[in-house]
Protein chains: 2
Amino acid sequence: MRTEGRAKRLPRAVRERQIMDAAVDVFSRLGFYSASMDEISEVAGISKPMLYAYLGSKEELFATCIRREATRMMEAIATGVEPDQEPDVQLWSGLRAFFGFVGENRASWMVLHRQASTQGGPFAIELTDMRGRAVSLVAALLTQSTKAPATKLEAESLAAALVGAGESLADWWLDHPEEPAGVVAARLMNLVWMGFGDLVDGNVWHPPSRR
Amino acid sequence: MRTEGRAKRLPRAVRERQIMDAAVDVFSRLGFYSASMDEISEVAGISKPMLYAYLGSKEELFATCIRREATRMMEAIATGVEPDQEPDVQLWSGLRAFFGFVGENRASWMVLHRQASTQGGPFAIELTDMRGRAVSLVAALLTQSTKAPATKLEAESLAAALVGAGESLADWWLDHPEEPAGVVAARLMNLVWMGFGDLVDGNVWHPPSRR
DNA sequence: CAGTAGTCTTACTCGCGAGTAGGTACCAGG
DNA sequence: CCTGGTACCTACTCGCGAGTAAGACTACTG
């Protein structure tokens, strides 16, 4: 894009945002290793030393990206769900918020899930951390809804499975973008709440009419 | 490990297997990019040119690893499930076979899932292919079991979610190896067959007493 | 119109790792 | 005991990309 000439002078905070945006873009397209600092700086419309001056090393930059996007996503979800409602409704709102976020932030999602989960580096920490928060959230939801999951371990593993199902379905969705977010969310809701057993018998889950 | 001296002369086929084993090991520990051909050759107890002579470039090697491990796994699963049983029993056998395989082939699983899924390179093809086969399998299982999933797209997305749940739960399991495979498999079975809704009410799924 | 603090650049160094050139040891069969 | 073929090696080339040195341009502040 930007090819020649000196970049216009901008305050540090603004530049940092530009750089982060560029980094998320490039990382999501190329992955951590294939992405080069040269390309990021070019996309950001800036020279490499600036990048290093502001955001540190490549690893730091990547970790920062993950942290930022993870936070954005967790906030989007937290905003969508009200904690004093019925468990199924909470789950439903959470799922909708999640798929809504992914749908409107594909790049963020790629960085978060497809890229970060693999590299065993220092970023895995950030990612594992966020994922852990998500899992705990769901696990709490489960535990709170009475009897079923006896042990803590059981609740956690079920939550992990659910989160994984969500992630995987989101990935699938990237390849089938024609489906609207609500439909995909509803499908997962049915799967995890009703189960195949009920679905096979034609029993489906419906959101309470209001909302 | 092996430090000096010329390696004993071995027939090509044997060496190739050794190299593949070493490659799977190293790739699973380090990931595609961080793994170096030098290290693989060292672990294999062989020199680099041999590696290139037998298995081609790094990308080819990796793709070959994925293909081999994917085949092993699909076979393990196919062996475990008998196609003329009730859907829930089929699913149950499939899950057990899957978790059994992962439990006994952690390295393979890492290469398959954690590594390959990320890098957008030529390997993604192999992986996507295998995943596609798994998804189709489950989707067929779903469709066959009557009414519920009306459209092909719906069955496929549910299958994707289920496969993802399995993958994710397998990953979780890697960090909680104290749980036996059967327990983890049963948990997922309950989740996807009964659903949280039933679980919360204390309804659980039991395998038919025989097997 | 200095001085100085912060923005921004060109033009390097330098190590690491993919891939190779050009052999050497070893085992057939003639 | 040569002659080839196949397993195997040491010792390189070479490009790419992370990270940096050294300075130049701009804009306030007094």
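**View 1. Ser108(B) is a buried residue, with a relative accessible area of 5%.** What you're looking at here, and in the other views, is a predicted model. Ser108(B) counts as buried because its 5% falls under the 20% cut-off. The helix that carries Ser108(B) is α6 of chain B, covering residues 106-115.

**View 2. Here's the company that Ser108(B) keeps.** Leaving aside residues up to four places away in sequence, Ser108(B) touches Val24(B), Glu69(B), Arg72(B) and Phe101(B). Glu69(B) also makes a polar contact with Ser108(B), side chain to side chain, at 2.6 Å.

**View 3. Now over to DNA strand C, which has 22 residues around it.** The closest ones come from both chains: Lys8(A), Arg9(A) and Arg15(A), plus Lys48(B) and Tyr52(B). Of the DNA strand C atoms that come within 4 Å of the protein, 56% belong to sugar and phosphate. Sort the surface near DNA strand C by class and you get 10 nonpolar, 9 charged and 3 polar residues.

**View 4. Helices from chains A and B help form the surface near DNA strand C.** Chain A brings α1 (12-30) and α3 (48-55), while chain B brings α3 (48-55). Each of these supplies at least two residues.

**View 5. Zoom in on chain A and you'll find some polar contacts with DNA strand C.** A polar backbone atom of Leu10(A) sits 2.8 Å from a phosphate oxygen of the strand. Arg12(A) also uses a polar backbone atom, 3.4 Å from a phosphate oxygen. With Tyr54(A), it's an N or O atom of the side chain that lies 3.2 Å from a sugar or linking oxygen of DNA strand C.

Definitions and conventions
Residues are numbered from 1 along each chain as its sequence is written. Chains are lettered from A and ligands numbered from 1 in the order in which they are written. This is a predicted model: local features need pLDDT of at least 70, side-chain atom pairs count only at pLDDT 80 or more; totals for chains, interfaces and linings use all residues. Side-chain values use heavy atoms; hydrogens and water are left out. Helices (H or I, at least four residues) and strands (E, at least two) are DSSP runs, numbered from the N terminus. Buried means under 20% relative accessible area, exposed over 50%, partly exposed in between (1.4 Å probe, protein chains only). A polar contact is a pair of N or O atoms within 3.5 Å; within protein, one must be able to donate a hydrogen and the other to accept it, and residues adjacent in sequence count only if both atoms are side-chain atoms. Contact means heavy atoms within 4.5 Å. A residue is near a molecule or strand if one of its heavy atoms lies within 4 Å of it. Ala, Val, Leu, Ile, Met, Phe, Trp, Tyr, Cys and Pro count as nonpolar, Asp, Glu, Lys and Arg as charged, and the others, Gly among them, as polar.
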